Amino acid sequence: MTGNTRLGIWLMIATMLIFALQDGLSRHLAGEYNVMMVVMIRYWFFAAFVISVATRQSGSLRAAAATRQPVLQGFRGLLLALEINVMVLGFVTLGLVESHAIFASYPLLVAALSGPVLGEKVGWRRWLAIGAGFVGVLIILQPGITVFAPAAAIPLLAACMFALYALLTRYAARKDSTATSFFWTGTVGALVSTVIGVSFWQPMTLPDWGWMLALCISGATGHWLMIRAYEVAEASALQPFAYLQLVFASGIGLLVFHETLQTHVAIGGAIVVAAGLFTLLRARQP
């Protein structure tokens, strides 16, 4: 494992862009089919992909699966699969925009826990950038009656689950390779999502199978980049850039789904981007 913060930041930016594209594809497919089935099919592809990649990198399937921390790796895979289903439930009950706004609080949870859980040093400049990014999220969110409705607990639970998954990914990288973590994430997630989604099967049209393939590819690529990011850089250094998923997703909503960009969203997004750029400039300094 190396300490290349700049590389980790760029990997995190790419991850957030791909996840935003994935959210757009998920929104389209979830509007036509049961969301549990969509998650299940995505995980089937993901599992096949990770088995192929991990086996090629490790030399054999047994080597790819070999780990000294199977409970940790298994729990990571289980946690991510459950988190995705919880977040999808949030899309259905609360809506895509507000669910994302609440979910965007997860980087602050990671940053706050990276010290006690991972033993990482969080300097005041990083806390300043993370705090500024969180203020930007609050401006976008404009807390009100709707946000704190009981349904808001669903994406908030998803945010807590994903923050824990991110921390465990970083922790697992101390002993296991990227290929091993990738293998366990995909295979355990596929088993869990199949148990949940198999009873929700619906026939799909040929064009939508094309969109599903794009969703599967984006999911596998995004998680691979995220694992690599946490392998080369500290979690606290990467968190300001996780806010960019909200910015990218808003752009997709504006351009693809013809949503309206309100003033408070633009102002908050600018603050989030500025916080990320500040951290990037700090990482470039010796």
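Helices here are DSSP runs (H or I) of at least four residues, numbered from the N terminus. The model in these exercises is predicted.

**Exercise 1. Place Arg170 in the structure and find what its side chain contacts.**

Step 1. Locate the residue: Arg170 belongs to helix H8, which covers residues 153–172.

Step 2. Classify its exposure. Buried means under 20% relative accessible area. Arg170 has 9%, so Arg170 is buried.

Step 3. Look for polar partners, using the cut-off of 3.5 Å between N or O atoms. A polar atom of the Arg170 side chain lies 2.5 Å from the backbone oxygen of Tyr230. The backbone oxygen of Ala233 lies 2.9 Å from a polar atom of the Arg170 side chain.

**Exercise 2. State how many disulfides the structure has, and classify Cys160 and Cys216 by exposure.**

Step 1. Recall the term: a disulfide is a covalent bond between the sulfur atoms of two cysteines.

Step 2. Search the whole structure: the result is 0 disulfides.

Step 3. Compare accessibilities with the cut-offs. Cys160, with a relative accessible area of 39%, is partly exposed. Cys216 is at 3% and therefore counts as buried.

**Exercise 3. Describe the nonpolar surface patch that includes Trp44.**

Step 1. List the members: Trp44, Trp201, Leu206 and Trp209.

Step 2. Give the area: together they have about 470 Å² of accessible area.

Step 3. Take one member in detail. Trp44 lies in helix H2, residues 35–58. Its relative accessible area is 38%, so Trp44 is partly exposed.

**Exercise 4. Count the aromatic pairs and work through the one formed by Phe49 and Phe182.**

Step 1. The count for the structure is 8 aromatic pairs.

Step 2. Between Phe49 and Phe182 the ring centres are 6.0 Å apart and the planes make 90°. Planes over 60 degrees apart count as edge-to-face, so this pair is edge-to-face.

Step 3. Trace the pair along the chain: Phe49 is in helix H2 and Phe182 in helix H9 (residues 178–197), 133 residues apart, so the pair links distant parts of the chain.

Step 4. Check exposure. Phe49 is partly exposed at 32% relative accessibility, whereas Phe182 is buried at 0%.

Step 5. Widen the view: ring pairs link Tyr43, Phe45, Phe46, Phe49 and Phe182 into a cluster.

**Exercise 5. Characterise the aromatic pair of Phe162 and Tyr165.**

Step 1. The pair is tilted, with 5.8 Å centre to centre and 35° between the planes.

Step 2. Both residues lie in helix H8, 3 residues apart, about one turn of the helix.

Step 3. Phe162 is buried, with a relative accessible area of 5%. Tyr165 is also buried, with 0%.

Definitions and conventions: Residues numbered from 1 in each chain as written. Predicted model: local features only at pLDDT ≥ 70, side-chain atom pairs only at ≥ 80, totals over all residues. Heavy atoms only, no water. Helix = DSSP H or I, 4+ residues; strand = E, 2+ residues; numbered from the N terminus. Buried < 20%, exposed > 50% of the residue type's maximum accessible area, 1.4 Å probe, protein only. Polar contact = N/O pair within 3.5 Å; in protein donor to acceptor, adjacent residues only side chain to side chain. Disulfide = S-S within 2.5 Å. Patch = residues over 30% accessible without salt bridge, like charges linked within 9 Å, V, L, I, M, F, W, Y side chains within 5 Å. Areas by Shrake-Rupley, 256 points an atom, 1.4 Å probe, with all protein chains shown as cover. Salt bridge = Lys/Arg side-chain N within 4 Å of Asp/Glu carboxyl O. Phe/Tyr/Trp six-rings, centres within 6.5 Å; stacked < 30°, edge-to-face > 60°.
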